[in-house]
Amino acid sequence: MATLSTVPPLVFATSTSRPFPPHQTHRNKPTTTTTNSLKNCKTIDELKLFHHSLAKQGLDNDVSAITKLVARSCELGTRESLTFARKLFDFSHGSRFMYNSLIRGYASSGLCEEALLLFLRMMIDGVSPDKYTFPFGLSACAKRRAARDGVQIHGLVVKMDYAKDLFVQNSLVHFYSECGELVCARKVFDEMPLRNVVSWTSMICGYGRRGYAKEAVDLFFEMMSSEDVRPNSVTMVCVISACAKLEDLEICEKVYAFVSSSGVEVNDVMVSALVDMYMKCNDNDTAKQLFQQYGARNLDLCNAMASNYVRQGLTKEALSVLSVMMDSGVKPDRISMLSAIASCSVLKNVLLGKSCHGYVLRNGFESWDNVCNALIDMYMKCQKQETAFKIFDWMLNKTVVTWNTIVAGYIENGDVDAAWETFRTMPEKNIVSWNTMIGGLVQESLFEEAIEVFRSMQSQEGVDAEGVTVMSIASACGHLGALDLAKWIYYYVEKKGIQLDVRLGTSLVDMFSRCGDPETAMSIFDSLANRDVSAWTAAIRAMALSGNAEQAIELFDEMIEQGLKPDGVVFVGALTACSHGGLVQQGKEIFESMQKVHGVCPEEVHYGCMVDLLGRAGLLEEAMQLIKSMPLEPNDVIWNSLLGACRVQGNVEMAAYAAEKIQVLAPERTGSYVLLSNVYASAGRWNDMAKVRLSMKEKGLRKPPGTSLIQIRGKTHEFTSGDESHPEMPKIEAMLDEISELGHVPDLSNVLMDVDEQEKRFMLSRHSEKLAMAFGLISSNKGTTVRIVKNLRVCSDCHSFAKLVSKMYNREIILRDNNRFHFISQGKCSCNDLW
DNA sequence: CTAGGGTTAG
C-alpha cells in the first residue's frame with residue numbers, strides 16, 4: 001500500500017487528520033495542485049479545508065479556483081456540499097458555468113425547486129442559459145413532474161434557437177415522457193433529424209414507465225432494424241424492465257437471447273433487471289440461475305429477488321435471500337428492509353418484525369416514510385395496534401399510503417367501523433383508499449354499503465374506478481343478485497374503457513350468472529381472450545346454476561380439449577352441474593377421472609358433490625357406500641349433502657343418522673336441525689319434529705330468519721319472514737290475498753313452529769320470498785321478470801306458490817336461493833322440483 | 001451536458 005509521503009494528493013481521500021502536505025502551500029504552482037487535489041476531495045470537510053487553504057494562499061478570489069471548487073461541491077451532491085457551494089456562489093460573481101454547476105447539482109440530488117429557481121434567477125441576472133443549462137433544467141422538471149415549467153423552458157429553447165441541439169432534444173423527450181405527455185415526447189422524437197442511443201433509450205423508457213410496455217418493446221425492435229444506432233446497457237435495462245411489465249415470457253426470452261449475443265456489457269443494474277423480469281414472469285428457475293451466475297453478493301440483485309419473492313407470496317424465500325446475503329457480509333439497506341418487514345407482516349412474525357424495527361432504528365432508516373409504512377402495516381397485521389400508532393404519531397410526513405395502511409389494517413382485523421372512521425376523516429384519498437374500503441365492506445358482506453361507497457366515489461368525488469374496484473363491486477352485486485346494477489356495471493366498464501382482462505372478465509361472468517342472466521355471462525365469457533381455468537370455471541358455474549347441465553359439461557370437455565389443466569375448483573363446478581341436472585353417469589365418470597386422468601386428488605367438497613348427485617337421483621345407499629369408502633374423514637359438509645338428499649327422498653332413518661353426525665362435527669350448524677325437522681314434518685312424525693325443535697332451543701340455536709331481496713328501479717328492498725314494516729305492506733297483503741284465492745293450497749309441514757293451524761297458515765303466508773314476490777308483482781310492469789334472492793333454501797310451499805304465480809300472472813320468476821337458481825315460468829321450474 | 005434496475009397501501 002502506498003504511504004502518505006509517496007503519493008501526497010491522495011491524502012484528502014484517505015485522511016482528514018493531516019489535511020495538507022507542507023509543500024503544497026507554495027504559491028508558485030497553485031493551479032495544478034488545486035485541480036489534482038480537488039478531484040480527490042470526497043467529503044465536505046475536505047472541501048472546506050481546501051477552501052481554507054485557498055484563503056491562506058490568498059486565492060479565495062481567484063475565479064478559476066472558486067469555480068472549480070463550486071463544481072466539485074456540486075458533484076458531491078450532498079445537502080451540505082450544495083449549501084457550501086451556494087455560499088461560495090453567492091459571494092462570488094456567478095459565471096454561467098457556476099450557474100450550470102449548481103443547477104445540475106440541485107437537480108441531480110432532488111432539490112428540483114432550487115434548480116428551477118436558480119434557472120429563473122440566472123435569467124433575471126442577465127446571464128443567458130446555454131446548451132448545458134437546458135438539459136439540467138429539463139431534468140429538474142422531469143423529476144418533479146413540473147409540466148408547466150418544462151413547457152416554458154421548451155418555449156425558451158425554441159426562442160433562443162437551441163431546438164436543434166441533440167442533447168436538448170433528448171432532454172425534451174425525457175421531460176415529456178416523465179410528465180406522461182407521450183404524444184409530445186414522440187413528436188419531438190419524430191422530428192429529430194438525427195438520433196443517438198440516448199434519444200432512443202429515452203423514448204423507450206418513457207413508454208415503459210408510463211405503462212406502454214408493448215410500445216416500448218416494439219420501439220426497441222424498430223431501433224434495431226431501422227437505425228444505425230446500437231443499444232448500450234442502459235437501453236437494455238429499459239427494454240428489460242418493459243418486458244418485466246409485459247409478463248410475457250416469450251418476448252422476455254427473445255430479449256435475453258439478444259442480450260447474450262449482442263456483446264453489450266452486462267453490468268449489475270442489468271442483472272438485477274433481468275432477474276426482476278424473469279421473476280415477474282414467474283420463471284424463478286431462470287432467475288435463480290442468473291443469481292448463481294452473477295453472484296449473490298450484489299445488494300441490488302438480492303433486493304430484486306427478495307421483493308419479487310414477497311410479491312409471489314414466498315416470504316420464507318425472501319427472508320432466506322436476505323439472510324444469505326448478510327452471511328456473505330453485505331449489509332441490508334432500506335429497500336432490503338421493505339421486503340423483510342413485508343415478509344414478517346405476511347408471516348405474522350412479530351418477533352422478527354421487532355428485530356427489523358431495531359435494525360431500522362440503528363441505521364436511521366426511520367426517516368424514510370415507506371419504511372415506516374411497512375412497519376405500521378406489519379404491526380397492524382400482527383395485531384399490535386398500539387405500536388403501529390406510536391410509529392404513526394411519530395411520523396412527520398404521513399402520506400396517503402400511510403393512511404391507507406391504517407385503513408387496510410383495521411379491515412384485516414375485522415374492525416370495519418374503525419376503518420370507515422379513518423377513511424372518512426383522512427386528509428387525502430386516492431384510488432387505493434377507495435379500493436381498500438370497498439373491498440373491506442364486500443369482505444364483511446356489507447354489499448349495500450359497498451355499492452353506496454362506490455356511488456359516492458363517482459358522484460361526489462368524481463374518481464374513476466379501476467379494474468380492481470369493479471371486481472369488488474361485481475362481487476357485491478352478484479351477492480345481491482341485482483341484475484339492473486350488474487348491467488350498469490358492465491356498461492360502466494365499457495364506457496370508461498376499463499381494460500377487460502381475464503380477471504375482471506371472470507368476475508363479470510360470475511356476477512351475471514349470480515344475477516340470473518346466464519346469456520350475458522356467456523357472451524362476456526365468449527369475448528375473453530386468454531381464458532384461464534378460473535374463467536372456464538365461472539362459465540361452467542353459470543351453466544350449472546341456471547340448470548343447463550349439458551352445456552356445462554360441454555364447456556368442461558372443451559376446456560380439457562384446449563389443453564388446460566383442471567384444478568379442484570373446476571371439478572366442483574362440473575360435478576355440481578351433473579348433480580343439478582341429474583346426470584348421474586357423467587358425474588361418476590368425471591369423478592373417476594379426477595385422480596386417474598388429471599391427477600387431482602378429490603377433497604371433501606368433491607365427495608359432497610357426489611353424495612348430492614347420487615342422493616338426488618335416489619341412490620341413497622350408493623351415496624352412503626361412497627361416504628364409507630372415503631379415504632378422508634367425512635366432514636359436516638358431506639353429511640349435510642346426504643341429509644339434503646334424504647329430505648328430497650323422504651328417507652327418515654338415514655336423515656336422522658346424518659343429522660346426528662353433523663351435530664357432533666359442527667354443532668353450530670343450524671341448517672341441519674331445520675332440515676331434519678323438515679324431514680320429520682314431511683313424514684308426519686310430529687313428535688320427533690318437536691324433539692328436534694326442543695333440542696335446538698336447549699342449545700340456544702335459532703334458525704336464522706329467512707330474508708329475500710328484490711330490486712325495483714335500482715333500489716334494494718329487503719323482506720324478512722313475518723316482517724310487516726315495508727311501507728307498501730297494505731298493497732302487498734292485498735296481493736297475497738288475491739293470489740291465495742287463485743287456489744294455492746298451503747303446505748303446512750313447512751312451518752316448524754308449535755302453533756295452531758291458523759297461525760301456521762299466517763306464518764307461511766308471510767315467508768320472505770312471498771312478500772318479495774307480491775311486492776315485485778305490484779311494483780313492476782306486467783310481463784316483466786321478477787327476480788328474488790333468498791338467503792336460505794326456498795321452502796316447498798313458496799316454490800309451488802311461485803309456480804302458480806308464474807302461470808296465473810304470466811310472469812317469469814327467477815328465484816335464487818342459497819343453493820341454486822329456480823327459473824320459474826308457466827307453472828314449471830328449471831329445478832324439476834328437486835332442490 | 002441528456003437515458004437506467006430493485007420502493008410501502010388494494
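Is E75 buried or exposed? In the predicted model described here, E75 counts as exposed, its relative accessibility being 51%. The side chain of E75 meets that of R72 in a salt bridge, with a distance of 2.8 Å from N to O. R72, by contrast, is buried, at a relative accessible area of 14%. The two residues belong to helix 4 (residues 63-76), where a spacing of three residues separates R72 and E75 by about one helical turn. The salt bridge thus joins a buried arginine to an exposed glutamate.

The R72–E75 contact belongs to a wider set, as 28 salt bridges are found in a search of the whole structure. Another of these is formed by D161 and K164, whose closest N and O atoms are 3.8 Å apart. That distance falls within the 4 Å limit applied to salt bridges. Both partners lie on the accessible side of the classification: D161 counts as exposed at 55% relative accessibility, and K164 counts as exposed at 71%.

A further salt bridge connects D510 with R541, and here the closest N and O atoms are 2.9 Å apart. This pair links distant parts of the chain, since D510 lies in helix 30 (residues 502-514) and R541 in helix 32 (residues 533-545), with their positions 31 residues apart in the numbering. R541 is partly exposed, having a relative accessible area of 31%. Elsewhere, salt bridges with shared partners join R86, D90, R121 and D125 into one network.

Aromatic contacts were examined next. The structure holds 25 aromatic pairs. One of them is formed by F389 and F392 in an edge-to-face arrangement, with 6.2 Å from centre to centre and 90° between the planes. Both residues lie in helix 23 (residues 385-394); because they are three residues apart there, F389 and F392 are separated by about one helical turn. Their accessibility is classified separately: F389 counts as partly exposed at 24% relative accessibility, whereas F392 is buried with a relative accessible area of 9%. The pair also forms part of a cluster in which ring pairs link F389, F392, W403 and Y410.

F392 takes part in a second kind of contact. The charged end of K398 sits over the ring of F392, at 5.0 Å from the ring centre. The buried F392 is therefore engaged both by the ring of F389 and by the charge of K398. An arrangement of this kind is also found for K429, which lies over the face of F423 at 5.0 Å from the ring centre.

The geometry of helix 29 (residues 483-495) was compared with its expected span. At 1.5 Å a residue, the 13 residues of this helix should span 18 Å, and the value agrees with the 18 Å between its end C-alpha atoms. The buried residues of helix 29 are L483, L485, A486, I489, Y490, Y492 and V493. Their cover includes helix 27 (447-459), helix 28 (467-480), helix 30, helix 31 (518-527) and strand 3 (786-790). Helix 30, one of these covering elements, is also the helix that contains D510 of the salt bridge with R541. Just after helix 29, G497 takes a positive phi of about 65°.

Backbone angles of this sign were also found outside glycine. Most residues other than glycine have a negative phi. Q383 departs from that pattern, with a positive phi near 60°. The residue lies in the loop between helix 22 (369-381) and helix 23, and Q383 is exposed, with a relative accessible area of 58%. The loop of Q383 therefore adjoins helix 23, in which the F389 and F392 rings are carried.

A positive phi, near 50°, is likewise found for Q826. Q826 is placed in the loop between strand 5 (821-825) and strand 6 (828-829). At 45% relative accessibility, Q826 counts as partly exposed.

At the level of domains, chain A is divided into domain 1 (618-703) and domain 2 (708-829). The C-alpha centres of domain 1 and domain 2 lie 27 Å apart.

Methods
Residues numbered from 1 in each chain as written. Chains lettered and ligands numbered in written order. Predicted model: local features only at pLDDT ≥ 70, side-chain atom pairs only at ≥ 80, totals over all residues. Heavy atoms only, no water. Phe/Tyr/Trp six-rings, centres within 6.5 Å; stacked < 30°, edge-to-face > 60°. Helix = DSSP H or I, 4+ residues; strand = E, 2+ residues; numbered from the N terminus. Buried < 20%, exposed > 50% of the residue type's maximum accessible area, 1.4 Å probe, protein only. Lys NZ or Arg CZ within 6 Å of the ring centre and 35° of its normal. Domains from an automatic or database assignment. Expected span 1.5 Å × (residues − 1). Contact = heavy atoms within 4.5 Å.
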